[in-house]
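Work through the exercises below with the sequence and the model open. Each task is followed by a solution in steps.

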Amino acid sequence: MGILKGMRDKIIFISVSVVAVVVAALVLLYGTKNLPNPQPSAAQNTEPSAIAVPFTQLAQGTRSKVSSRVNYHITSATELKEIWDLVNATGTPPTIDFATHTVLAVFAGQKPTAGYAIAVKEVKDAENRMVTISLMNPGEGCMLAQALSAPYVLAVVPATSLPLTHEDVPSVVS
């Protein structure tokens with residue numbers, strides 16, 4: 001009887017091993033596309049996805065009167081006139097409907113030579129309005145005019161009640 005019990009245990013062990021090998025071979029051959037996905041679905045994701053916000057560049061240059069790296073959120077025609085004077089723009093500022101739009105004024109600050117630039121790269125809304133700003137610096141070996149510069153950009157964006165934040169992304173331009 002002990003011999004039969006030992007044989008039965010061996011047959012069960014071999015059967016279970018064969019089934020495991022067959023299942024592993026099927027998964028290897030046909031992949032896991034039909035197996036349940038352990039990652040949460042998009043409906044279960046609690047983080048809101050960011051929405052791209054359209055913007056229009058209003059003005060850009062390298063000769064502002066602003067000597068430090070700073071950003072301004074312009075919400076009135078009076079503020080826009082003050083910024084227009086800081087960037088030495090000619091003529092009168094354009095008419096902006098501040099009930100539906102605002103202006104972002106982004107300054108790189110005073111730089112020792114030419115070759116520096118600043119740009120609004122993208123604007124996205126999620127829990128806040130994220131403005132990605134590109135700060136471009138000249139690479140080593142660039143031939144640069146030896147004149148002070150103070151790059152700036154003004155961009156018009158739709159108005160929002162979201163808090164504003166920004167991310168500076170430096171890059172080197174050859």
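**Exercise 1: A charged pair in one strand**

Glu 122 has a relative accessibility of 33%, so this residue counts as partly exposed. The structure is a predicted model.

Task: Find which side chain meets Glu 122 in a salt bridge, and state whether that partner is buried, exposed or partly exposed.

Solution.
Step 1. The side chain of Lys 124 forms a salt bridge with that of Glu 122, at 4.0 Å from N to O.
Step 2. Lys 124 has a relative accessibility of 32% and therefore counts as partly exposed.
Step 3. Lys 124 belongs to β5, where this residue stands opposite Ala 52.
Step 4. In a regular strand, side chains alternate between the two faces of the sheet.

**Exercise 2: The partners of β5**

Task: Work out how β5 is joined to β1 and to β6.

Solution.
Step 1. Strand β1, residues 51-52, runs antiparallel to β5 and is joined to it by two bridges.
Step 2. Strand β6, residues 129-138, also pairs with β5 in the antiparallel sense, over eight bridges.
Step 3. One of the bridge partners is Val 131 in β6, which is matched with Val 123.
Step 4. Three residues lie between β5 and β6, and the two strands form a hairpin.

**Exercise 3: Asp 125**

Task: Decide whether Asp 125 is buried or exposed, and list what it touches.

Solution.
Step 1. Asp 125 is in strand β5, which covers residues 117-125.
Step 2. The relative accessible area of Asp 125 is 16%; the limit for buried is under 20%, so Asp 125 is buried.
Step 3. Its side chain makes a polar contact of 2.8 Å with the side chain of Arg 129.
Step 4. Not counting residues up to four places away in sequence, Asp 125 touches Ser 49, Ala 50, Ile 51, Val 53, Thr 160 and Leu 162.

**Exercise 4: Two further salt bridges**

Task: The whole structure has four salt bridges. For Asp 168 with Arg 69, and for Lys 81 with Asp 85, find where the two residues of each pair lie.

Solution.
Step 1. Asp 168 and Arg 69 meet through their side chains at 2.7 Å, N to O.
Step 2. Asp 168 lies in strand β8 (residues 164-173) and Arg 69 in the loop between β2 (56-61) and β3 (70-74), so this pair ties together parts 99 residues apart in sequence.
Step 3. Asp 168 is partly exposed at 31% relative accessible area, and Arg 69 is partly exposed at 29%.
Step 4. The side chains of Lys 81 and Asp 85 meet at 2.9 Å, N to O.
Step 5. Lys 81 and Asp 85 are four residues apart in helix α2, which means about one helical turn separates them.
Step 6. Lys 81 has a relative accessible area of 41% and is partly exposed; Asp 85, at 38%, is partly exposed too.

**Exercise 5: The nonpolar cores**

Task: Identify the residues with the most contacts inside the largest nonpolar core, and the elements that supply it.

Solution.
Step 1. The largest core has 15 residues, and Ile 74, Val 103, Phe 107 and Leu 154 have the most contacts inside it.
Step 2. At least two residues of this core come from each of α2, β4 and β7 (152-158).
Step 3. A second, separate core has 13 residues, including Ala 108, Val 120, Leu 135 and Val 157.

Note on methods
Residues numbered from 1 in each chain as written. Predicted model: local features only at pLDDT ≥ 70, side-chain atom pairs only at ≥ 80, totals over all residues. Heavy atoms only, no water. Buried < 20%, exposed > 50% of the residue type's maximum accessible area, 1.4 Å probe, protein only. Polar contact = N/O pair within 3.5 Å; in protein donor to acceptor, adjacent residues only side chain to side chain. Contact = heavy atoms within 4.5 Å. Core = buried A, V, L, I, M, F, W, Y, C linked by side-chain atoms within 4.5 Å. Pairing = 2+ DSSP bridges.
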